[in-house]
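Trainee: I would be grateful for a close look at a single part of this structure. Please take the salt bridges as the subject and treat their surroundings as they come up.

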Amino acid sequence: MPESIGALALCRLVAKQSPSPIKVFVVAENRLLRETLVRLFRKRSEINIVGDTCCSESSIETIASTNSDLLLLDCFNANAASSDDWLADVQESIPEIKVVLFGMDEDPEIFIQAVRRGIAGFVLKNASATDLLEAVRTVAQGEATCPPKFCKVLFKALAAANDQNKDERIATQFELTQRQRQLMSLVAMGLSNKEIAANLNLSEFTVKNHIYR
């Protein structure tokens, strides 16, 4: 009897420690692809397929009703307003849901736009089933994943954004008056202080002060 009680307690402990399956909803335009993915994921005990459909307005309500953890999506087009709007509606209606794009082209611009829209996973069309499964696991754990070749693209985009913000801060900090802008254009033309003073009907002293500022 004590051994049976110990075994039962151990089973309960293991069950308690086992994480809940990841609830995944598949959205793909191709029905055959959806059915293939559903069969693939259902072989995995750590993943629970809670639904699948094509991309439509009514599908958002369906996705929300399943309390999905993760949306696996293949119909994202960064250049299509309808695609953007649909994804924005999903994220507004289900803010806690994580999104993994799959079947994507090797387009750095589309990748950056997807990141800006809050996508946590980006899987290329030539990825394997193992790659896709690993992306789902990674994103479900609160992390992000993308092809290694896009890491440099992401760093460059971040650096460019920082430079732009820096330029905007500098422009605000050193904002020139209209008079100073007029003066700077004349300086760029190579005019002397005396010539600038005559051109703007100012004293040389005032011109020197403007240049100093």
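**Salt bridges and their surroundings**

Mentor: In this predicted model, D105 is partly exposed, having a relative accessible area of 40%. Its salt-bridge partner is K125, and the closest N and O atoms of the two are 2.7 Å apart. This pair links distant parts of the chain: D105 belongs to the loop between β4 (98-104) and α5 (108-116), K125 belongs to the loop between β5 and α6, and 20 residues separate them. K125 counts as exposed, with a relative accessibility of 58%.

The loop between β4 and α5 also holds E106, whose partner K149 lies in the loop between α6 and α7, so this pair ties together parts that are 43 residues apart in sequence. The closest N and O atoms of the salt bridge between E106 and K149 are 2.9 Å apart. E106 is partly exposed at a relative accessible area of 46%, and K149 is likewise partly exposed, at 48% relative accessibility.

A salt bridge within one helix is formed by R31 and E35. These residues stand 4 apart in helix α2 (residues 31-41), which means that about one helical turn separates them. Their closest N and O atoms are 3.0 Å apart. R31 counts as exposed because its relative accessibility is 58%, over the 50% cut-off. E35, at 32% relative accessibility, counts as partly exposed.

In addition, E46, E134 and R137 are linked in a network of salt bridges. The count of salt bridges in the model comes to 6.

E134 leads to another feature, since this residue is also among those that line the largest pocket. About 170 Å³ of space lies in that pocket. Its lining includes F122, V123 and L124, together with D131, A135, C146, P147 and P148. Both β5 (121-124) and α6 (129-140) supply at least two residues each to this lining. By class, the lining residues divide into 8 nonpolar, 2 polar and 2 charged; D131 and E134 are members of the lining and, as Asp and Glu, count as charged.

Finally, a surface feature of another kind deserves mention. V115, L154 and F155 make a nonpolar surface patch of about 270 Å². Of these residues, F155 is found in helix α7 (residues 151-173). F155 is exposed, with a relative accessible area of 61%.

Methods:
Residues are numbered from 1 along each chain as its sequence is written. This is a predicted model: local features need pLDDT of at least 70, side-chain atom pairs count only at pLDDT 80 or more; totals for chains, interfaces and linings use all residues. Side-chain values use heavy atoms; hydrogens and water are left out. On a 1 Å grid over the protein atoms alone, a cavity is a set of points where a 1.4 Å probe fits but cannot get out, and a pocket is an open set with protein on both sides within 12 Å along at least five of seven lines; lining residues have an atom within 4 Å of a point. Grid points are joined across faces, edges and corners, and a volume is the space filled by probe spheres set on the points. Patches are made of residues with over 30% relative accessible area and no salt bridge: like charges are joined within 9 Å, nonpolar side chains (Val, Leu, Ile, Met, Phe, Trp, Tyr) within 5 Å. Accessible areas come from the Shrake-Rupley method with a 1.4 Å probe; for residues, only the protein chains shown count as cover. A salt bridge is a side-chain nitrogen of Lys or Arg within 4 Å of a carboxyl oxygen of Asp or Glu. Buried means under 20% relative accessible area, exposed over 50%, partly exposed in between (1.4 Å probe, protein chains only).
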